Structures are given as C-alpha cells and as structure tokens.
Amino acid sequence: MRTGVWLVGARGSVATTSIVGALALRAGLTGPTGCVTELSELRGPAWPSFADLVFGGHDVAATPLAKRAEALADAGVVPARLVAALGEELAAVDDDVRPAPVGGTQADRAAAVVADLAAFRGRHGLDRVVVVNVSATEPAARPHPAHADPDALAAALAAGEEVLPPSSLYAYAAFTAGCPYVDFTPSTGARLPALAALAARHAVPYAGHDGKTGETLLKSVLAPMFAMRHLAVRSWSGTNLLGGGDGATLAQPDANAAKVASKQRVLGEILGYVPQGDTRIDYVEELGDFKTAWDLITFAGFLGTGMRLEFTWHGCDSALAAPLVLDLARITAAAHAAGRHGPLTDLAFFFKDPLGPADSGPDAGATADRAPGHALGEQWARLAAFAADLHAGAGTPPAGGAA
Ligand SMILES: NC(=O)c1ccc[n+]([C@@H]2O[C@H](COP(=O)([O-])OP(=O)(O)OC[C@H]3O[C@@H](n4cnc5c(N)ncnc54)[C@H](O)[C@@H]3O)[C@@H](O)[C@H]2O)c1
C-alpha cells in the first residue's frame, strides 16, 4: 500500500527526524525502537511497510531538509552517520516539500494545498496520502459562526473571508482532497464542527491532538496508580524547560496557553478532581531539542499521612515524537483503507488531548462510542483492539495477538 505522508511543517525538528528515521528504517540502517506499530501486540498486515511510505509536505521555511538534518545531528538528536548516508534520499524528499501557500484569499490557499496533495498522489502513484500536522503551535482559534457547519464555511471562504487558523485550513484542504488528517500539535486543526462534518462528507478519518511524549506521558501512567491505590493527590506541580523551534514558539504567551491547557486536562480526568499546582513551560535556548521536566507531587495516604514523589525527565523531544508520527501515519492509512471515517478515538494512546465524542460531529456513534480517557493502560488496550480489528480485516491476525 503506497502511502504518502504529507507533513505540514516538513522542515521542522519532528518532521525532519521522522523523515530521517523512516529513510534509515527503509535502508536497514536502524531499528524501529519507539515505533509501537512494530511491537508484537500491534504488528500485522494492515500497516503499510516503512518502505511504502513516501514523504512530502509544506513549510514556510526554505532551509533544505539535509541542512535541517545536519543541524539536528550537530545537536545530538539524530546520528550524523545516518544523515551522511541518506544525503541523496533526503534531497529527493526535499523535491516534494512545497512552500506553504501565501497571498490571495484563504480559499485560494486551500485550493493550492489541495492541488499540491493531488499532484503528490499522482506523481508517486500513491494509494492514499495522510496529512500530518507537525507545524508550529498556534494560539487558540477565534470563534466564528462559519466554524459551525461546512456550508457556512464554504460560503465564508467563497466570500474571501479569513475564518480558519492555518492548521484548520490544512485540515479543510486535506478533507476536500479526500485525505485523512492527523494533528500532532495542540492547534485547532480538524476540531471544528464544520470540519467534522466535512470529514464525514468525504468519508475520511482523522486523529489528534498533541503528541504525548514527555511529562504528560508520565502523568498518564502515574496518576492512575494514585487513583487505583485510593491515595489522595494534594498537589502536582511541573516545570518544563525546553529550547528548539517548539520552545521558541511556546515562549509566546498565546501558544504557551494552548499547550498548558492541553497538558492540564489529564490529571482532572484521571483523578476525578484537580489537585493544586500548575504546569509551566519555559524556553531555554541552550537546551535545544532536549527537554527537562521536574514534577513534585504531594499526596496523602491512610490516616492522612503526607508523602511526596519527585521526578526529573530528560527527553529528546523529536526522538520521542518521530516514531509516533510514523505509527500514526501507518495506522491512519490502514484505517482509511478499511473504510473507517470520522475521529479515530481509539488512537487516544498517542495524544495529550485526544479526540472524543464531542469532536465527532455527525459521525457520533460510528467511532466515538465513549470517551477515550487519559490513562495510558486503558488507551493501550483500546489501541491494541483497534489494531487487531484492522489486521483481521486485512487478512492475517497480528503476529502477537491483541492485548
Ligand atoms: N516534539 C515533541 O515531543 C512534541 C510533542 C507534542 C507535540 N509537538 C508539536 O509538534 C509541533 C512541531 O514541533 P517541532 O519541535 O518540530 O517544532 P519546529 O519549530 O522545529 O517545527 C515547526 C515547523 O513548522 C513550520 N511552520 C510554521 N508555520 C507553518 C505553516 N503555516 N505552514 C507550514 N509550516 C509551518 C516551521 O517553519 C517549522 O519548520 C509543535 O506544534 C509541537 O508543539 C511536539
């Protein structure tokens, strides 16, 4: 199944690491560490192979991919030997990275994205193209009446109005072109009623939001433990320090607020109450793509005895995110091939702020039967069942069976 992976933000850290990783996997130069679709519980015939993935995308930046990859190698994010070995392949992918459309109306720019997607699909003889948003985090979208339904949206766009944030314009173009869409960022993306209805009209699936790779991943494992042992979490405070392009974007208050909101939802949902404390994100240029999270949790046990847990996480953000981008592209492509459409709520495992029933628009009931939850163990079980279903439909059961 030849599958296009169209990365919005194709020259960013996550995108470049994803492309280097996929090319290295295809060449047999590295293993699939971090790719959950290669675990025995999830592996199977429904996924396109790594060799079947063809990359392209949009970016506002013009730095060639090979240069971005060299910069990531200098920063210790990807091995320099891989970047050196994959120079030709990276240049070939670069030919499929288009400048993000600028100028004209939003309708003009959406039409340009649709044309780029169609040309990419035709050029490479692809069965389908999955659009994955890994571009810079945007501020929360300003509400507009045209967000409510696809006809109002079409009318506003036809009238030359600017009604969508960039991530949603890409989702609009993806659906119009018949492509599934994955939002790895906290931006609005497909999370508007008009876009949910448009996805239903075009019978395409979509997934999101905001890849779960660091502090929130730990919260989604530790918080269920406190809940299951009936321990009372009194406070949970976290400080995240990061550099890189993402860190620079998150230094801006609006984007920072969107990200912090997406990180904070997890605790309240898992514990059933919100403990004291805040999550902070601070930009430290020197740290580059490596993130440090410090969390302090105070909790009470039997007879009110106070205790505390502290953890420090040093993660390489792009190395944690890139394999998940490849997983999401493979699973979403398989879901599309199997005729699934609407929000893929079974992919909550990957996200800080997963799509749920409220995001399902006219598809309610088809795929969004119940809230996906935030606890990693439950999300894993749902993902494994979903994978088993797709593999069964594709012919052979998964190698290791479903969990
Ligand atoms: N790395 C992680 O662990 C992780 C986890 C969850 C979410 N994310 C999200 O993934 C996204 C990418 O992170 P990153 O570290 O690669 O950031 P980055 O700043 O390195 O890359 C973002 C890219 O998007 C491009 N871009 C900006 N506006 C655009 C537009 N309108 N159209 C097309 N391209 C555009 C930029 O030029 C840049 O190349 C961020 O939104 C981040 O919050 C990352």
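A good place to start in this predicted model is helix α12, which covers residues 317-337. Its 21 residues stretch 30 Å from the first C-alpha to the last, close to the 30 Å expected at 1.5 Å a residue. As you follow α12 along, you will find it mostly covered, with 18 of its 21 residues buried. After the helix comes Gly 339, and its phi is positive, near 80°.

Now let's step back along the chain to helix α8, made of residues 193-201. Here a run of residues is buried: Ala 194, Leu 195, Ala 196, Ala 197, Leu 198 and Ala 199. What do the buried residues of α8 pack against? Their partners are two helices, α6 (150-158) and α7 (166-176), together with the strand β6 (205-208). Just after α8, Ala 203 has a positive phi as well, of about 55°.

Finally, let's turn to the cysteines. A disulfide is a covalent bond that joins the sulfur atoms of two cysteines. How many disulfides does this model contain? The count comes to 0. Cys 35 shows how this plays out at one site: the nearest cysteine sulfur belongs to Cys 316 and lies 15 Å away, while a disulfide needs the two sulfur atoms within 2.5 Å. So Cys 35 is in no disulfide. Is Cys 35 buried or exposed? With a relative accessible area of 7%, Cys 35 is buried, because the cut-off for that label is under 20%. Cys 179 is buried too, at 0% relative accessibility.

Key:
Residues numbered from 1 in each chain as written. Predicted model: local features only at pLDDT ≥ 70, side-chain atom pairs only at ≥ 80, totals over all residues. Heavy atoms only, no water. Buried < 20%, exposed > 50% of the residue type's maximum accessible area, 1.4 Å probe, protein only. Helix = DSSP H or I, 4+ residues; strand = E, 2+ residues; numbered from the N terminus. Contact = heavy atoms within 4.5 Å. Expected span 1.5 Å × (residues − 1).
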